[in-house]
Every structure is written in structure tokens, then in C-alpha cells.
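These are short notes for a colleague opening this entry. They take the ligand surroundings, then one strand, then the nonpolar core.

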Amino acid sequence: MVDWARARGLDLVGVVDPHAFDGCQPAGRRASDHVPDCESIIVLGSGGRRCWEHLNEIRPAEFADGPAEGHHPIDRWSLEVAEELAGALGDLADGHSIVLPNDDRTLNFVQLAEMAGFGTVSPVIHQLLHPDYGPWVSLRAALLLRTRPFAPFDPTTAAPFEPCHDCHKPCLLGCPVDAYSSTKGPFSVCADHRIAGGCADGCGVRRDCCIGREHRYGPNEEAFRHAYSLYVMRQIARGRGLLGIVRSLWRRR
Ligand code: B12
């Protein structure tokens, strides 16, 4: 399954026990809200530049413009790959559901990724840090199954990875408005700054993390992804709220 997904640009694949995941999620954000008798969650993601390069090779026209309403080619691709995987699983995927990170009823993908064994959620910047890719990880889709074709990731078998423990935290200095130290929370501070034109080409916090710097997205990818989050921030600031935006992006084909 890993080689199969890798050939499609999604090189991070893991399996999560939905009972363990649901046990730490609020009502409305659980796997069982999508598939009541869910028995496994297959999580797909990408690290570094692989997914972007793959998509630009096979579908260059889709990246000619920046992000816009109803246009997120990476989400569309992720949905296609997850659907193909469900198809390949045949009867084992009967009654499945696919959840994307930008869906209106999404799941907490950062938590899912940690439970899938992709890395550790930073206690400093709250992003998932992969041992090689650091924060240059994008979480792409979750395939929820009513069967258990693969064993879920078992954290007791993995080597400990505590990336921020002894770090001098240069990431925090990468933010010109000190968003991660603000009592207002990172988003309002970050959003105010970015909507005013700050940090126009990328996130300094991500760039300054000690891990995975060689896997930083290329300029076009970084600009595209960063423009997407600015687009969402602007919509939130205009009062449309998160739900309205993600709903408008849903199942964009
Ligand atoms: C909505 C959203 C946003 C919104 C948040 C709006 C808000 N707070 O109201 C905006 C557009 C601002 C945003 C920005 C960014 N985001 Co964002 N975001 C999401 C998304 C799609 C949904 C979050 C959600 O509903 N979670 C489910 C609920 C139950 O969990 P929650 O903890 O209550 O959700 C909150 C947090 O997830 C938080 N959040 C969202 N993004 C990020 C990023 C960081 C670093 C942190 C600390 C928190 C955070 O906002 C949510 C709503 O309040 C997730 C994907 C996902 N489904 O998890 C990506 C996701 C969490 N974001 C991600 C990233 C990378 C970013 C940016 C760094 C992108 C960028 N280059 O600008 C910025 C960081 C901004 C900052 N200052 O820290 C990645 C994290 C990857 C990783 N390695 O951990 C994710 C997983 C997307 C992905 N497909 O990989 N994001």
C-alpha cells in the first residue's frame, strides 16, 4: 500500500484505530460520526515536494492559477487517490467514507497523523513534525472503513521522537508578530498580520524549524499553499466563517 500511494505522490500512509482516535475527540469530530461502525482509518499524507512535483508533472494546467473558490487541485487529487484505494480494497471497503482536511465536517488531521505514526505534534507550534520532513508535511485524506484489513499503528513499537524537547526553538523567532506566544492565540494575530500584507510568501515559523529544512516546499508550492490559507483567513475575516468556506470547497470537481 505504501509503494502504491508513493507512486501517486502520497508517501505517508498509516492506519489508525478509530476507537482510540474517537476517545480523544469531541462529539461531532469523531470517525464514528462519519461511519458509525468504523473499524479502521487509513491516513494519507505527503512529505516534502513529492506530491506537488507529481501533480505538476501530470496536471500542470491545474496549477496555472492560485487558489480560488472551488479550486484546490491537491484536494481533488487526494480524493481521487483515496477513492482508488477504496476501489482496490473491494468488499473490504463496503460502506466506506472519505474525509478530506478541508471538508466541513472534517477530522483533526494533525492528531490523526500522530496516531498514524507520521511524527509528533510539536508542543511549541502545534504542527505535526515528521522525523525527516519536519513541518513540511501535508495531510491529505482519511479513508474510513468498516473492516480492519491492516493492523493499526502501534506507538509502543516506534522509536521515541521528541523533537522540541532540547531545541532552542528558533521557530518562534521566525514569526514577526510573535503569534505563538500571544495570549490571543496564533490565528487572530497571524491573520491580522497577513491580511495586512505581512509574511506574503511563506511562514517563517515553518521555515525556521530545525527539522527537515531541506524538504521545504519549492517557491511555487509554498506560494500556492500559503495563498490558500490567506484566502481562508480573508473569508473568515469577512464573516463567512469556516463552515461556509469549507462547504463551498467540498467535492470540487
Ligand atoms: C481551518 C484550517 C486553518 C485555518 C484556521 C482557521 C481558524 N482557526 O479558525 C487557517 C486558514 C487560518 C489555517 C492556517 C494554517 N494552517 Co491550517 N488547517 C485548517 C484545517 C483545514 C481544519 C482545522 C480543523 O477544523 N480541525 C479540526 C478541529 C476539531 O480541530 P481543532 O484543533 O479545533 O482545529 C483548529 C486547529 O486545527 C487550528 N489550525 C488550523 N491550521 C493550523 C495550523 C497550525 C500550525 C496550528 C497550531 C493550528 C491550526 O484551526 C482549527 C479551527 O480553529 C486543518 C486540516 C484538518 N482537518 O485538521 C489545517 C491544518 C491544521 N493547517 C495546516 C497548516 C500547515 C497551516 C498553515 C501553516 C498554512 C500556511 N502556510 O499558512 C497556517 C498556520 C497559521 C498559523 N498562524 O499558525 C496543516 C498542518 C500540517 C502539520 N504539519 O501539522 C493542516 C493539517 C492542513 C493539512 N492539509 O496538512 N489553517
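1. The model is predicted: local features need pLDDT of at least 70, side-chain atom pairs count only at pLDDT 80 or more, and totals for chains, interfaces and linings use all residues. Residue numbers start from 1 along each chain as its sequence is written.

2. The shell around the ligand divides into 17 nonpolar, eight polar and three charged residues. Here Ala, Val, Leu, Ile, Met, Phe, Trp, Tyr, Cys and Pro count as nonpolar, Asp, Glu, Lys and Arg as charged, and the others, Gly among them, as polar.

3. In total 28 residues surround the ligand, a residue being near if its C-beta atom, placed from the backbone, lies within 6 Å of the molecule. The closest are Phe 109, His 126, Gln 127, Cys 190 and Ser 229. Helix α9 gives the most to this shell, with six residues; helices and strands are DSSP runs (H or I, at least four residues; E, at least two), numbered from the N terminus.

4. In strand β1 (residues 12-16), five of five residues are buried, meaning that 20 or more other C-beta atoms lie within 10 Å of a residue's own, C-beta atoms being placed from the backbone. Leu 12, Gly 14 and Val 16 lie on one side, and Val 13 and Val 15 on the other. In a regular strand, side chains alternate between the two faces of the sheet.

5. Strand β1 pairs with β2 (residues 40-47) in the antiparallel sense over five bridges; pairing requires at least two DSSP bridges. Gly 14 stands opposite Val 43 in β2.

6. Leu 112 is in contact (C-beta atoms, placed from the backbone, within 7 Å) with residues including Val 16, Ile 41 and Val 43, leaving aside those up to four places away in sequence.

Conventions: Buried ≥ 20, exposed ≤ 12 C-beta atoms within 10 Å, placed from the backbone. Contact = placed C-beta atoms within 7 Å.
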